[in-house]
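Trainee: I would like to go through this model slowly, asking at each step how a label is earned. Could you set each value against its definition as we go?

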Amino acid sequence: METIYSCLRDAHDQDLLWIAALVCVTGVYASISLARHASRVEGNSRKAWAAVAIVSSACTAWATHMVGLLAFQPGMQAGFDPLLTLMSLLLTIIGISASMGTAIGSRNRLRRAGAGLLLGLSIALLHYLGQAAYLVTGRVTWNVQLVALSLAWSLPLFAAAMVLSGDKRNSLRHLAGPLILSAIALLHFAGMAALELTFDPRISLPESALPPDVVAPIVAAVCAALVVLAFMGLRFALAARAQAIRDRSRLKQLADLAVEGLAICRDGTIDAVNGSLATLVGCSQQDLKGRTLSSLLPDTPLSKLSEHQEQDGELFTNDGTRVPVRLLRKIVKIGNVDQTVVAIRDQRERLRTEQRMRTLAFTDALTGLANRLQFNQILSANCEKANATEERFALLLLDLDRFKFVNDTFGHAMGDELLKRVARRLSACCGSTTSIARLGGDEFAIIVDEELAQDTAETIIDVLGRPYLIDGSIMDIAASVGIAIGPADGSNPSVLSRSADLALYTAKHAGGSVYRRFEREMRERAQARRQLELDLRRALVREEFEVHYQPQVDPGDGRFQGAEALVRWRHPERGMVPPADFIPLAEEIGLISPLGEWVLRTACEQATGWPSHLTVAVNLSPVQLRDSALAARVMQILQDTGLPGSRLELEITETALLQDEETTYNTLHALRAMGIRISMDDFGTGYSSLSYLRRFPFSKIKIDRSFVRQVPEDQESVAIIQALTSLAAKLNMTVTVEGVETAEQRAFTVSEGCNQIQGYLISRPIESVSIRALFNEPLQSVA
Amino acid sequence: MPLYRLLYRSEIALNGSKDQIDHQIDQIVSASEQSNHLSGLTGALIASGGVFIQALEGPLGALEATFEKICLDLRHKRVNLIELAAAEERIFPEWSMIRVAQGAQMIEICTVVGVRESGRLDTSTTSALVSLMRNILLTKSAGSLDNEVAAGASAAIRLPDR
């Protein structure tokens, strides 16, 4: 070592040594900066810049070495062998290229160590070839031991430096440069010290040897080139830095634009956040820097965050509120460094929207009560619970009486307001835990404890029946309630609902404003009714209907005038079904029109078999009368059967006239024009509006049987019949008295001048065959 | 603003001893006095023989809103609207709400309203009825009985012979 030191101190030109050092540093910087530039650019220029970097690094080594040699003052004449000098440069370029080629892109330590050895060897070659090219006028002896020592020390240093330069850790990577420098210095100065020159005037420099005066400018030129390269490298580096700063600020702007909160973390500590996250947490971006991520997301450790799937978490903001968030972790390369980016998305708005959607889906928009969908769920849950625990509960279905009337009369806006008020009153009737729903229209449902069912129903009927004052109008509606108990009246929602519905139906039929509990008989009745309905629908096709006739006679002389046709149903199992049992049902299910038409046709047909002065009277239902094609249909029947219109009498009730007067008016006049007589049936029982008698073309009034029953004892009945008879006479109408059962009653009708009687006194309704026989008897009188 | 008067009858559905019920009714009156004061209503309440008879007067909107509140109340049953009609002037301008104390004429009023348990009464009858209510209030507060006025009013509300 002493030799090395003394060699440095004594045998060198100190100034040149400093220049050598400067050249080395400049060259190294140029090489590194150009290499970095090469790594930034792409395509062919990348390779070109990489080559420039390698050449510049080789030149650096060579120039440093040459300046070092020039600084050497051996105390004798010196020169350079041009071939060896050139070769030393070329070999160095090849060696460094090979070394870099081996090391580039590889993290394998062994490979990098190999590359380091290659680098060391090429630099060692440069040295010793260079030294071999150094010619002096003297003898050259080598201290082999020192050469070996220089190699033994420097080569591992090169290997280590290459390994370190490929390390992930910045601090270790920074050690690589000084390590290489020291290895080079070691190689150089140990090499110089190993060289022992002894002046020998007998030895002269060969002809070809280049004197230092010639070499020095060449070396200087190379050095200058290196300086130029260094400046280029510096420019590239500055440009790259400016670009990086621009990129970063653009990235930051982009990040701040993002709606999601973003945090860049290193080892759980926040490095940077975007504006959204700062706003979300409620502090500045600067304040968040350096805080741990767990202070924001205490329940979600970073390690638990998935890189592929978003997950839910809670963000703790500065004011202590917990914000529901969605979290995603991503490893992102920022610059050359891998960093963890956590994306934090505020879920409050989405959750609010979802809540709103759910509310909309499950609530009745008008009243704010639960809707059918939600109620079905509640009912199912109650049924399941009841089945599991035997705990009973009551299902109340309710329906507003007269609501349709209000809606039609006052308009839908008023109807809606009324429904809202009904909803509020219902809520006031029930405890807060009770489930109330609007199932649609004016239908509501309530679930209460079984023991509260009847009280609740009573309260509801009372409270909903109270008047509603809306915009100066008084509205009176009422509620009917059907109660079914789960699970006794139905263990699943549909059966239970049907039971409650049957109870409600019964309550409504009882006149409304009442509640009914479900009873088994209701189901049976409903079933019976359904069965009857089915039978009734088939009865027409199966020809189970018959027309019976009740004769009508002149009360004075007892002569037949005609007969009233009455429909009868001969049920295959139940026998004769009374009209009161099936006519209302037929009206309800829309069967009355075809049935009425059938009766009319049959009666007309059969009447043609009677003596030609006898009439047949047929009842028309309100539904038939509403049909504007009725007149045409009757005409068709008359044509088909050949019965003259003058022998047909159509009986209508007052209620039939209430609806659609215009159509009725036209129809009745058209029928009158065909010679058909129209009689007002059951007069005296309904409104008995005298204006109808004036407005419509009636030719006959039939006085209801209820008035005849009490004559001649009851003075009021007598007075009514007398009044009606005289009224009819004044209006040019005839009068028929129905239900005449006694001889006194008949005598009374005779004395009052009634034109026709009908009743059990004459005959009950009889089959068509019998009436035909009766009418065709030689003596046409029952008197 | 047009003035309206509303008269209804209902059955008291309060629980407790006579004193307790009386106390509750006083509370109802004072609560309704406060809320009526805010909505510009005036009126009087009779609570006698298990029946409430209340007269309310004021603008239609406030009247309807208050009556809806009354209809939401479960402290009475079978609320029956006797009259809702336009009125020329307030009969009870002095009182947002006041309870008409027990007295002989009250039986009369209750009889009239009680007989007609359902259905509305004609305006002349109800006018006489509220006038009688006012007279009772005035005579009680004046401390002297104006017999003539009371007798006249009670004669007016007597139902026609049937």
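Mentor: Let us begin with helix H2 (residues 60-72) of chain B, which in this predicted model lies across S1, strand S3 (51-59) and S4 of chain B.

Trainee: What angle does H2(B) make with S3(B), and how is that angle to be read?

Mentor: H2(B) runs at about 155° to S3(B), and since such angles run from 0 to 180 degrees between N-to-C directions, the value is to be read on that scale.

Trainee: What makes S1 and S4 of chain B paired strands?

Mentor: Two strands pair if DSSP finds at least two bridges between them; strand S1 (residues 3-12) of chain B is joined to S4(B) by 9 bridges, so the requirement of at least two is met. The two strands run antiparallel, and Tyr4(B) stands opposite Ala86(B) in S4(B).

Trainee: In which order do the strands of this sheet follow one another, and why are S4 and S5 of chain B said to stand at the edges?

Mentor: The order in chain B is S4-S1-S3-S2-S5, an open sheet of 5 strands with mixed pairing. Strand S4 (76-87) and strand S5 (98-99) each have a single partner strand, so one side of each is left without a neighbour in the sheet.

Trainee: Turning to chain A, why is one space called a cavity, and how many of 30 Å³ or more are there?

Mentor: A space is called a cavity because a 1.4 Å probe fits there but cannot get out, and the structure holds 1 cavity of 30 Å³ or more. The largest cavity has a volume of about 90 Å³, and its lining includes Ser593(A), Gln624(A) and Arg633(A). Helix H19 (592-607) and helix H21 (630-641) of chain A each give two or more residues to this lining, and the largest share, 4 residues, comes from H21(A).

Trainee: How do the residues of that lining divide by character?

Mentor: They divide into 4 nonpolar, 2 polar and 3 charged.

Trainee: What makes the second largest pocket a pocket, and how much space lies in it?

Mentor: A pocket is an open set of points, whereas from a cavity the probe cannot get out. About 740 Å³ of space lies in the second largest pocket, which is lined by 32 residues, with Glu564(A), Leu566(A), Pro579(A), Ile583(A) and Asn619(A) nearest its centre. The lining of this pocket divides into 16 nonpolar, 7 polar and 9 charged residues.

Notes
Residues numbered from 1 in each chain as written. Chains lettered and ligands numbered in written order. Predicted model: local features only at pLDDT ≥ 70, side-chain atom pairs only at ≥ 80, totals over all residues. Heavy atoms only, no water. 1 Å grid on protein atoms, 1.4 Å probe; cavity = no way out; pocket = protein on both sides within 12 Å on 5 of 7 lines; lining within 4 Å. Points joined across faces, edges and corners; volume = space filled by probe spheres on them. Nonpolar A, V, L, I, M, F, W, Y, C, P; charged D, E, K, R; others polar. Contact = heavy atoms within 4.5 Å.
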